[in-house]
Amino acid sequence: MSSQKPSPNPAYPNGMAGILEQMNARRAPLSFAEGESLPPLDCDLQALAGTRVSVPDESTRALSDNARKSWDIARELDGQNALLHLNGLLIAHLRKRSQPPHTADLFLRLWAEHADLLLTEMDLRWKVSSLTTFGDHGTTPAQRSTGLALSTLFGAMKLYESERLYSGREADRPFTLDGRASGPLPLQMNAFSLQDGGLDANLIGRLWDEAETDPVIRPLAQDMLQRLVDDPRTVFHRLHRLRVRKLRRDDQPDTDTEAEHGITLSVQPVSAKTPTWGVVCTTNAPLLDVARFVAHHLDIGARHVYLYLDAPDPDVWALLKDHPKVTVTVCDAAYWKRKGKNRPDAHQLRQTFNATQALKQAHQHVHWLGHIDTDEFILSPKKLSALLKTVPDEMAGARLYPAEALAAPDAKDMPRHFKLRTTGDDVPPTAVTEIYPTFGSYVRGGFLSHLAGKVFARTGLGNVRLAIHRLRLKGEDVLNTATLDGAFVGHLHAPNWDNFIEKLEFRQAQGSYRVKSDDALKNIGHLLRYLRDEEGEDGLRLFFTEVCEDTPDLRARLKKHGLLLTPKFNPDAAVERVFGLSLSD
C-alpha cells in the first residue's frame with residue numbers, strides 16, 4: 001500500500017478511490033432479452049461483410065440493454081458495412097465487467113480476417129476504441145501492450161489537445177519560440193529538447209516495432225501510427241515546426257556580430273605551408289548553375305568540392321562523377337536509408353546534415369571546408385589559401401561576409417557588380433537610406449538576403465556541426481571563429497528580374513522574405529507582401545530598380561560609401577577552362 005500522502009488540493013477530491021468508483025460506475029453488463037444473443041463465434045463473417053447496416057424499428061430499443069446499444073450503433077453507422085456494426089457492438093460488451101464467453105474471441109477473429117475492410121471503412125474514433133479493446137482483451141502480450149499503450153497515448157492527446165484549444169490557437173498552429181515559460185514540468189520531468197530530443201521518435205518507433213510482432217493488431221496499430229505521423233494538427237508536427245524554426249534562427253542570426261554565448265573549441269594547429277580548402281553544397285540547381293559553381297571554385301584554387309544532389313540529376317552526375325576534385329553524392333531514398341534517418345522536410349536541415357557529413361571526411365582532402373550554396377561564389381582578390389594562412393591557430397572557423405550581386409539588366413548576363421552591407425564597420429547609420437532613399441528603412445543592411453555570411457571550418461575538429469551560417473557543437477555556437485578580411489561570399493540572390501519574380505512566392509513562404517510573428521512592421525517581408533498585394537508588379541518593379549538593379553545611379557551611391565565591389569568574376573569562362581565547355585556557342 002502506498003504511503004504517499006494525498007495532495008492538499010487534489011484534482012479528484014475523493015482521491016484514487018473516487019477515480020476508481022467513477023471509472024467502474026458504468027461497467028454493468030449489458031442485458032439480453034429472451035432468445036437474444038451475440039452472433040456465435042463461428043458465424044459467417046464473409047456473408048455479413050456483404051450487407052449494410054440498417055436501423056431497426058425504434059420499438060426494439062426497449063427490449064434489452066443489448067438491443068438499445070445495437071440500435072444506437074446502427075443509427076450512427078446507418079448504410080455502412082455490417083462488420084463495423086458488429087465491431088462496435090462487441091466493443092460495447094467488452095467494456096463491461098462481463099460479457100458472453102466468446103465475445104473477445106469473436107472480436108479478435110473479426111480483426112484477424114477482415115482488417116483491410118475495417119481499416120478502409122472505419123472512422124478514427126472507432127479505430128481508437130478498437131485499440132483500447134485490444135489492450136483489455138488481447139490474447140498475446142503484444143496485443144495487450146500495444147493496445148494499452150496506444151489507448152493511453154490517444155487518451156492523453158485528447159486531454160491536452162482539448163485544453164490547448166483554450167489558448168486560442170488552432171491545432172495546426174505551434175506556439176512561438178519566444179513565448180516559452182521557464183517554470184518546471186510536473187513530476188520533476190525535464191523539458192523536451194527541440195534540438196536534441198528523441199522522445200517523439202522513440203515513442204512512435206517503439207510502438208511501431210511492438211505492433212510489428214503481432215499479425216492481428218499490426219494493421220490497425222500501424223495504420224493509426226501512420227495517421228498520427230501524417231496529421232499536421234498533432235504535437236509531433238508542431239514540435240517539428242518549432243524545431244525547424246529554431247534551427248533557422250540558429251543558422252540565421254539576427255545580428256552580424258559574433259555570438260556572445262557559446263563554446264570555445266580546442267584547436268590543434270596544422271602545420272601547412274599553404275592551407276588547402278574546399279567547399280560543400282547541397283543543391284537541386286540545374287546543370288548550368290552547378291557547372292558554374294564548381295568551375296569557379298576549382299578555378300580560383302579549391303582543392304575539392306563536395307556536392308550533394310538533393311534529388312538525382314543524371315546530367316550533373318554525368319559531368320562530375322569522374323572528376324578527381326569533386327565528390328558527388330546523390331541524396332535519394334537509399335542515401336537517407338544508409339544514414340539511418342528519414343529525409344528532413346526542411347531543406348535547411350538537409351543542407352546542414354550533408355555539410356556536417358562532408359566535414360567529417362574532408363580532412364582527407366583539405367585543411368578548410370566552407371559551406372555555401374550554388375548561387376554563392378567566393379570572391380577574393382588574393383588567393384584564398386593565403387588569407388586562410390593568416391587565421392590565428394586558435395581559431396576553429398573563419399567567417400566571410402556577403403556581397404550581394406546587383407541584378408543584370410539582361411537575364412542572359414551574369415552580374416558584374418556587387419554591393420556590400422551597410423551594417424559593416426565604419427559605415428554611417430544614414431548610409432542605408434542615402435543609398436536606398438525609398439525603401440532603405442525596410443531592407444536591413446541594404447540586402448534582400450542574409451547578412452551573416454558563411455563560415456569555413458577547419459577539418460578534423462571532431463563532432464562539429466557545419467550549419468548554414470555558423471559552426472555548432474552540442475547545440476552551442478562555436479565562438480572562436482575569425483573574420484576573413486578581404487574576401488566575400490558573392491551571393492547571386494536576385495541576379496535578374498525574372499529570377500526575383502520566379503522565386504518570390506517560395507521565399508515569402510519559406511525563405512528570406514517570410515514574415516515571422518515577432519518581426520517588426522518595417523521589414524522586407526511586410527514590404528514585399530504589401531507591394532505585391534496592393535501595387536502588383538509595378539510596385540515590385542519600383543522596389544527592384546532602387547534596391548537590386550545594376551544601374552549607374554545605384555553604383556554611384558554605393559561607391560560614395562565604399563560599398564561597391566567589382567571583382568574578377570566570370571564563371572562562364574571558368575566553365576570553359578575547367579570543363580572545356582564553351583557557353584558562348
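**Figure 1. E113 is partly exposed, with a relative accessible area of 45%.** Three words describe cover here: buried (under 20% relative accessible area), exposed (over 50%) and partly exposed (in between), judged with a 1.4 Å probe and protein chains only. This is a predicted model: local features need pLDDT of at least 70, side-chain atom pairs count only at pLDDT 80 or more, and totals for chains, interfaces and linings use all residues. Residues are numbered from 1 along each chain as its sequence is written, and side-chain values use heavy atoms, with hydrogens and water left out. What does the side chain of E113 meet in a salt bridge? Its partner is R109, at 2.9 Å from N to O. A salt bridge is a side-chain nitrogen of Lys or Arg within 4 Å of a carboxyl oxygen of Asp or Glu. Both R109 and E113 sit in helix α5, residues 103-121. They are four residues apart, about one turn of the helix. Helices (H or I, at least four residues) and strands (E, at least two) are DSSP runs, numbered from the N terminus.

**Figure 2. R292 and D572 form a salt bridge between distant parts of the chain.** The closest N and O atoms of R292 and D572 are 2.5 Å apart. In sequence, 280 residues separate the two partners. R292 belongs to helix α11, residues 287-299. D572 belongs to helix α20, residues 571-579. R292 is buried, because its relative accessible area is 11%.

**Figure 3. D410 and K412 pair in another salt bridge.** Here the closest N and O atoms are 3.1 Å apart. How far is each partner covered? D410 has 31% relative accessibility, so D410 counts as partly exposed. K412 has 66%, so K412 counts as exposed. Across the whole structure, a search finds 24 salt bridges.

**Figure 4. E58, R61, R68 and D72 are linked in a network of salt bridges.** One member, R68, lies in helix α3, residues 65-76. With 29% relative accessibility, R68 counts as partly exposed. Now follow the chain from R68 to F192, which is 124 residues along. The C-alpha atoms of R68 and F192 are separated by 46 Å.

**Figure 5. The second largest cavity is lined by residues that include I91 and H137.** The structure holds two cavities of 30 Å³ or more. A cavity is a set of points, on a 1 Å grid over the protein atoms alone, where a 1.4 Å probe fits but cannot get out; lining residues have an atom within 4 Å of a point. The second largest has a volume of about 40 Å³. That volume is the space filled by probe spheres set on the points, which are joined across faces, edges and corners. L94, R95, S129, T132, T133 and D136 are also part of this lining. Which helices each supply at least two of the lining residues? They are α4 (82-94) and α6 (124-137). The largest share, five residues, comes from α6.

**Figure 6. H304 is buried in strand β2.** This strand covers residues 304-309. The relative accessibility of H304 is 3%, so H304 counts as buried. T276 is 28 residues from H304 along the chain. In space, the C-alpha atoms of H304 and T276 are separated by 8.8 Å.

**Figure 7. V432 is buried in helix α16.** The helix runs over residues 431-435. V432 has a relative accessible area of 13%, which means that V432 is buried. Where does R444 stand? V432 and R444 are twelve residues apart in sequence. Their C-alpha atoms are 8.1 Å apart in space.

**Figure 8. A452 is in the loop between α16 and β8.** Strand β8 takes in residues 454-458. Is A452 buried or exposed? A452 is buried, because its relative accessible area is 6%. Compare the position of A452 with that of G278. The two are 174 residues apart in sequence, and their C-alpha atoms are 20 Å apart.

**Figure 9. M23 is exposed in helix α1.** Helix α1 spans residues 15-24. The relative accessible area of M23 is 52%, so M23 counts as exposed.

Notes. On a 1 Å grid over the protein atoms alone, a cavity is a set of points where a 1.4 Å probe fits but cannot get out, and a pocket is an open set with protein on both sides within 12 Å along at least five of seven lines; lining residues have an atom within 4 Å of a point.
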